[in-house]
Amino acid sequence: MTKIAVLVSGGGTNLQALIDAQQAGKIENGQISLVISSNPKAYALERAAKAAIPSEVLRRRDFSDAEEYGKALTALLENADIGLIVLAGFMTVLPDSFCRHFENRIINVHPSLIPSFCGEGFYGLRVHEAALAKGVKVTGATVHFVSEVVDGGAIIAQKAVEVEDGDTPETLQKRVMQNAEWILLPQAVSDFCAGRLRVDGAIVHKN
């Protein structure tokens, strides 16, 4: 059984999607064992408590630099024997050394079809604002492994979502979450825990 840690900073809607999938028996050979928040006021912590999942708060500001924060986070994860780390709205930049240490064991969900609308500065509503400003007709979500390059890790899965006339960043964000993020992320977590993913350079194969 692969122990999963979910790292969050806000409301935890993607965490809830994972909790719901786990309770429905849709995460094969995996269990959410720990929730870590960079924000002590994050509603995601309440979601974890309601699901009886242990949680910890680790704030970047309590450490002298990113490397020290990464070391503390690493110790917390290794002490809990975590096999998979899921970033679900985690708004703290992880140091390169952390990403290398857990290579191909950290996954993130991003609210666009990478390589569109991704990288530094593209997060939350900003992604959907950029998509609407560009006038794209299709957007979506991407689940990918995390590397030292922001949103640059190998892509695990993608799902498209049509942009509708009259969309606002808020309506588009909601539809991308419901129709893509909350579907893709539990599937990718289950595939990882079941050993169905194989990374070959920049390509992820599903067995």
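Asp191 and Arg196 join their side chains in a salt bridge, at 2.8 Å from N to O. By salt bridge we mean a side-chain nitrogen of Lys or Arg within 4 Å of a carboxyl oxygen of Asp or Glu. Before going further, a word on the source: this is a predicted model, where local features need pLDDT of at least 70 and side-chain atom pairs count only at pLDDT 80 or more, while totals for chains, interfaces and linings use all residues. Residues are numbered from 1 along each chain as its sequence is written, and side-chain values use heavy atoms, with hydrogens and water left out.

**Around Asp191**

Back to that pair. Asp191 is buried, at 8% relative accessibility, whereas Arg196 is partly exposed at 22%. (Buried means under 20% relative accessible area, exposed means over 50%, and partly exposed is in between, using a 1.4 Å probe and protein chains only.)

Asp191 also has a salt bridge with Lys206, with the closest N and O atoms 3.0 Å apart. Lys206 sits in strand 9 (residues 203-206) and Asp191 in helix 6 (residues 169-193), so this pair ties together parts that are 15 residues apart in sequence. Those elements are DSSP runs numbered from the N terminus: helices are H or I with at least four residues, strands are E with at least two. Lys206 itself is exposed, at 56% relative accessibility.

Add Glu28 and you get a network of salt bridges that links Glu28, Asp191, Arg196 and Lys206.

**Another pair, and the total**

What does Asp167 form a salt bridge with? The partner is Arg175, and their closest N and O atoms are 2.5 Å apart. Asp167 is buried, with a relative accessible area of 15%, and Arg175 is buried too, at 14%. Searching the whole structure turns up eight salt bridges. Here are some of them:

| Salt bridge | Closest N and O atoms |
|---|---|
| Asp167 and Arg175 | 2.5 Å |
| Asp191 and Arg196 | 2.8 Å |
| Lys206 and Asp191 | 3.0 Å |

**Cysteines**

How many disulfides does the structure hold? Zero, counting a disulfide as a pair of cysteine sulfur atoms within 2.5 Å. Cys99 is in no disulfide, and the nearest cysteine sulfur, in Cys118, is 15 Å away. Why is Cys118 without a bond to Cys99? Because the closest cysteine sulfur to that of Cys118 is the one in Cys99, and 15 Å is too far for a bond. As for their surroundings, Cys99 is buried at 5% relative accessibility, while Cys118 is partly exposed, with a relative accessible area of 22%.
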